[in-house]
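This note is addressed to a colleague who has the sequence and coordinates at hand. Please read the points below alongside them.

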Amino acid sequence: MSASSKAIILKAIKYGETSLIIHAYTKEYGKLAFIVKGARKVKAKIQANIIQPLSVVELDFKHSIRKDLHFLNEARVTHIFHSIPSDMAKTAMAMYLLEIVNKSIQSEMENEALFNFIHDFLIALDVHQVYKNWHYFFLLECSKYFGFYPNNNYSQEKCYFDPNL
């Protein structure tokens, strides 16, 4: 079945002489893996620089429920980051956040609200100055979507985190 979805590229792995396997978090289908044949060729239909980690793209692909690796037909860039690629602190933070997302999300766990949060957070990271605790804020907000956000019930009697409450 042919499908299309907005996606954030999480990881790209070289496969063979000219191909890539990419992991992307899509808006409609969750985390998916794609094979991109011939992406590292000079005259490739889908250039490797379009599907690098941190790319926000619109993907056209063949989706099959029974397969773990999908075939990518086309990729179009939908947002270009301006300061993340040139600022080492922002690049490091963004790659750290994508690694957390990649390790935390199971395959095909569709969550449009989480996708929008990650997308908006990366755009904010690109536009604004980096603060040293942004990654803590990201992790805390992600915990809402993963189901273990801490309650705001701190008091002098309850001055520590108790997972049994």
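The following points concern a predicted model and cover its nonpolar cores, its strand pairing, a buried lysine and its salt bridges.

1. The largest nonpolar core comprises 23 residues, and those with the most contacts inside it are Ile 8, Tyr 25, Leu 114, Phe 117, Ile 118, Leu 122 and Phe 138. Two or more residues each are supplied by strand E1 (2-15) and by helices H1 (88-104), H2 (112-127) and H3 (134-146). The largest share, 7 residues, is contributed by H2.

2. Leu 122 may serve as a point of inspection within this core. Leaving out residues up to four places away in sequence, Leu 122 touches Ile 8, Leu 54, Phe 81, Ile 84, Ala 94 and Leu 98. Another core, of 18 residues, lies apart from the one just described and includes Ile 22, Ala 24, Ala 39 and Leu 59.

3. Strand E3 (residues 30-36) is mostly covered, with 7 of its 7 residues buried. On one side of the pairing pattern, E3 runs antiparallel to strand E2 (residues 19-26), to which 7 bridges join it; a hairpin of 3 residues connects the two. Strand E5 (residues 69-79) pairs with E3 in the parallel sense over 3 bridges, and Phe 34 stands opposite His 70 of E5.

4. Lys 31 belongs to strand E3 and deserves separate attention. Tyr 25 stands opposite Lys 31. Lys 31 is buried yet forms no salt bridge, as the nearest side chain of opposite charge, Glu 99, is 8.6 Å away. The side chain of Lys 31 does, however, reach the backbone oxygen of Asn 102 at 2.7 Å. Beyond its neighbours within four places in sequence, the contacts of Lys 31 include Leu 10, His 23, Ile 105, Glu 108 and Met 109.

5. The model contains 4 salt bridges. One of them joins the side chains of Arg 76 and Asp 60 at 2.9 Å, N to O. This pair links distant parts of the chain, with Arg 76 in strand E5 and Asp 60 in strand E4 (residues 56-62), 16 residues apart. Arg 76 is partly exposed at 33% relative accessible area, whereas Asp 60 counts as buried at 18%.

6. Arg 76 also meets Glu 74 in a salt bridge, at 3.3 Å, N to O; Glu 74 is partly exposed at 34%. A further salt bridge, between Lys 103 and Glu 99, spans 3.9 Å, N to O. Lys 103 and Glu 99 are separated by about one helical turn, because they are 4 residues apart in helix H1. Lys 103 counts as exposed at 63%, while Glu 99 is partly exposed at 37%. Through shared partners, salt bridges join Asp 60, Glu 74 and Arg 76 into one network.

How values were computed:
Residues numbered from 1 in each chain as written. Predicted model: local features only at pLDDT ≥ 70, side-chain atom pairs only at ≥ 80, totals over all residues. Heavy atoms only, no water. Core = buried A, V, L, I, M, F, W, Y, C linked by side-chain atoms within 4.5 Å. Buried < 20%, exposed > 50% of the residue type's maximum accessible area, 1.4 Å probe, protein only. Contact = heavy atoms within 4.5 Å. Pairing = 2+ DSSP bridges. Lys, Arg positive; Asp, Glu negative; His and termini not counted. Polar contact = N/O pair within 3.5 Å; in protein donor to acceptor, adjacent residues only side chain to side chain.
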